[in-house]
Amino acid sequence: MTARILPGDDPEALAEAAAAIRAGEPVAFPTETVYGLGANALDPLAVARVFEAKDRPRFDPLIVHIAAAEELERYADRRDLADARVERLAARFWPGPLTVVLRKRETIPGIVTAGLDTVGLRVPDHPIALRLIGAAGVPIAAPSANRFGGLSPTRAEHVRRQLGGRIGLILDGGPSRIGVESTVLLLADGRRTLLRPGGLPVEEIEAEIGPLEAEVGPLDAEGRPGQREAGRGADADKRPALSPGRMIAHYAPGVPLEIVPPDVPVVIAPDERVGLLAGSAGGQARAESLGARFAAVEVPAPDGDPLRLAAGLFEALHRLDTAGLDRIVAQPVPEVGLGRAIMDRLRRAAAAA
Ligand code: TXA
Ligand code: MG
């Protein structure tokens, strides 16, 4: 199989993609965060094909994409929908880069949620994604459209590079506007826990519903809470993972990556090819003024604007990943707003090295 890339704004392409979804075939499609690999969320076999195409472990649950908040009641438990915070967040941030995790109804097959009794739901803020959900007439379960552990795709071409031989169709919607995945928030059973920092800054969520519980630290390779959470109780490692997808080695380029502040000299051997992911033009200048000669440099946001940096992050990593480098040096950014999601992804990429 070789994936065809079709323009997502072409009605015929959209109709073909919707028909494929209904027929149980996975289809890659654009969202405002990253590209997703979608399947009919109500069809366990179709969802199994998504896991298979990605080589994704079955313990990592998928996000279910719906077209409007009104659809929540079909898939989420009434007890959680009675929670005023859910309605408030949906009204304020949907469509948008926020996934809420609620207790699921029996309408959602177990394979979607990896056997958890909760389901992640979101309304994506992208016309092509919304039209696809509407035309298919079913909710669409979709992880990011990369091989498991690989870099998330923010362009159709990134999807083709990783999954081109495994899926039939990629809808092209141009570059993803936000560039990092959605913020995942656990609201089931009265909780308020950040499971993954993402495209919606935590500060904006807290302004709506008050302080969140501490973020769960990165999980280990088995999907169990890592050090930060383990300190909270002796039985921490026996507890099931809150968000099994938060494994530490994730979002990884194929080249080793380390995080190095701009004022720390980067020592490069004569025959070594090192790439720089700079936090700003000033950061690049600082690193080079300390003597480093980089074989490739990416500066997604010359002015250091976190919004622009997030939007260009995976794009830059994809380019560095294919530049024949020995290693990548990434500069850290302040952990406020989107900076949290950026640092989260960089740490995971670094941990995989
Ligand atoms: O922006 C996004 O969220 C993109 C686009 C395509 O919507 N999707 C995405 O999906 O990033 P994925 O599968 O790569 O990441 C989903 C994350 C994982 O960390 C997963 O563990 C978590 O959401 N998640 C999904 N359902 C969950 C649940 N019921 N409980 C806890 N965590 C859940
Ligand atoms: Mg992913």
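A good place to enter this predicted model is the hairpin of β9 and β10, where six residues lie between the strands and aspartate 189 adopts a positive phi near 55°. The two strands on either side, β9 (residues 183-186) and β10 (residues 193-196), pair in the antiparallel sense through three bridges. Within this pairing, leucine 185 has leucine 194 of β10 as its bridge partner.

Strand β10 also leads to the C-terminal part of the numbering, since it is one of the elements against which the buried residues of helix α12 pack. The others are β11 (257-259), β12 (274-277), α11 (306-321) and β14 (327-330). Helix α12 itself covers residues 339-351, 13 residues in total. From its first C-alpha to its last, α12 reaches 18 Å, close to the 18 Å expected at 1.5 Å a residue. The buried positions of α12 are Gly339, Ala341, Ile342, Met343, Asp344, Arg345, Leu346, Arg348 and Ala349. Charged side chains are thus found in this list alongside Ile342, Met343 and Leu346, with Asp344, Arg345 and Arg348 among the buried residues.

Stepping back to the protein chain as a whole, the secondary structure consists of 12 helices and 14 strands. The chain has 353 residues, and 56% of them count as buried. Among contacts with a separation of 6 or more, 69% join residues 24 or more positions apart. The accessible surface of the chain amounts to about 14300 Å², and carbon and sulfur atoms contribute 52% of that area.

Terms used: Residues numbered from 1 in each chain as written. Chains lettered and ligands numbered in written order. Predicted model: local features only at pLDDT ≥ 70, side-chain atom pairs only at ≥ 80, totals over all residues. Heavy atoms only, no water. Helix = DSSP H or I, 4+ residues; strand = E, 2+ residues; numbered from the N terminus. Buried < 20%, exposed > 50% of the residue type's maximum accessible area, 1.4 Å probe, protein only. Contact = heavy atoms within 4.5 Å. Areas by Shrake-Rupley, 256 points an atom, 1.4 Å probe, with all protein chains shown as cover. Pairing = 2+ DSSP bridges. Expected span 1.5 Å × (residues − 1).
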